[in-house]
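Me: I would like to learn how to read individual features of a structural model. Could we work through one example together?
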Amino acid sequence: VIELYTWPTPNGQKASIMLEETGLAYHTIAVDLGREAQFQPEFLKVSPNNKIPAIVDYDGSDGVTSVFESGAILIYLAEKTGILLPQRGLQRASSIQWLFWAISGVGPAIGRLGGALSQPNLDPAVLVPMEKEVARLMNVLSGQLSLFPFLAQEYSIADIAAFTWVQYFRSSLKELSAKQSLEPVDRWLREIAARPAVQRGLRPPKPVVRVPVASS
Ligand SMILES: N[C@@H](CCC(=O)N[C@@H](CS)C(=O)NCC(=O)O)C(=O)O
């Protein structure tokens, strides 16, 4: 069984969506960020960077295996089950490049802008470069999705990594991206959101034991 340490945020949802996609048995441990539970020594043993998500796999091929960082968790689970990350070649390189793009670009940019917009009286000199960066990334996303159904052509862990942040911020993107078409992005969001595993993975974490479900 796998333990998932998480909280209902776009980073946490990447791991829960992937676990649902794999059909692996897991149970969830809610790490209440509002109460600073991420600093508790028990959690720091699993995730020394004091951030969710993290997993502990009690059936790892080398024994008990803990993994933190959402991108590392996506790769670990993809390799464990052989899904959503091609094993070699061009398709693998493409999935990994878009995964890194999502993890290092989209997540931090939307996370920072979302955080800034929740502050009162923010200085435009701070806000405008953040908005420009999110608009730039959405332009890249829209361009790729106007050429291909998914980031690396086929649905992969790269899509999961970008999806949770883009769907979280979609309603705020309208003005930011006024000059570009978000239709390819909306088509992609709808297709991913229609997946039953994604719908289950987006539910807030419940600390219950899960039975395995077939991947869809
Ligand atoms: N690069 C990390 C980022 C994870 C992250 O920022 N997690 C946030 C919640 S979305 C967190 O746990 N914050 C708690 C803290 O910073 O103390 C990943 O992709 O897993």
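Me: Is V106 buried or exposed?
Reply: Burial is judged from relative accessible area, and under 20% counts as buried. In this predicted model, V106 has a relative accessibility of 1%, so it counts as buried. V106 sits in helix α4, which covers residues 89-117.

Me: With which residues is V106 in contact, leaving aside its neighbours within four places in sequence?
Reply: With that exclusion, the contacts of V106 are W101, L137, M138, A162, W165 and V166. A C-alpha separation can be read alongside such a list: V106 and L141 are 35 residues apart along the chain, and their C-alpha atoms are separated by 9.5 Å.

Me: How should the two faces of strand β4 be read?
Reply: In a regular strand the side chains alternate between the two faces of the sheet. In β4, residues 65-68, T65 and V67 form the covered face, whereas S66 and F68 form the uncovered one. Strand β4 pairs with β3, residues 54-57, in the antiparallel sense over four bridges. Within this pairing, T65 is the bridge partner of D57.

Me: Which backbone angles deserve attention?
Reply: Omega and phi are both worth inspecting. The peptide bond from I52 to P53 is cis, its omega being near 5 degrees; P53 belongs to the loop between α2 and β3. For phi, one looks for positive values in residues other than glycine. E36, in the loop between β2 and α2, has a phi near 60 degrees. Q153 has a positive phi of about 70 degrees and lies in the loop between α5 and α6.

Me: What is the exposure class of Q153?
Reply: The class between buried and exposed runs from 20% to 50%. Q153 has a relative accessible area of 40%, so it is partly exposed.

Me: How many helices and strands does the protein chain have, and in which pattern do they follow along the sequence?
Reply: The protein chain has eight helices and four strands. Their order along the sequence is β-α-β-α-β-β-α-α-α-α-α-α. The radius of gyration is 17 Å, close to the 17 Å given by the globule rule for 216 residues, so the chain is as compact as a globular protein of that length.

Me: What do the contacts and burial add for the whole chain?
Reply: Of the contacts with a separation of 6 or more, 66% join residues 24 or more positions apart. Buried residues make up 46% of the 216 residues.

Definitions and conventions: Residues numbered from 1 in each chain as written. Predicted model: local features only at pLDDT ≥ 70, side-chain atom pairs only at ≥ 80, totals over all residues. Heavy atoms only, no water. Buried < 20%, exposed > 50% of the residue type's maximum accessible area, 1.4 Å probe, protein only. Pairing = 2+ DSSP bridges. Rg over C-alpha atoms; globule rule 2.2 N^0.38 Å. Contact = heavy atoms within 4.5 Å.
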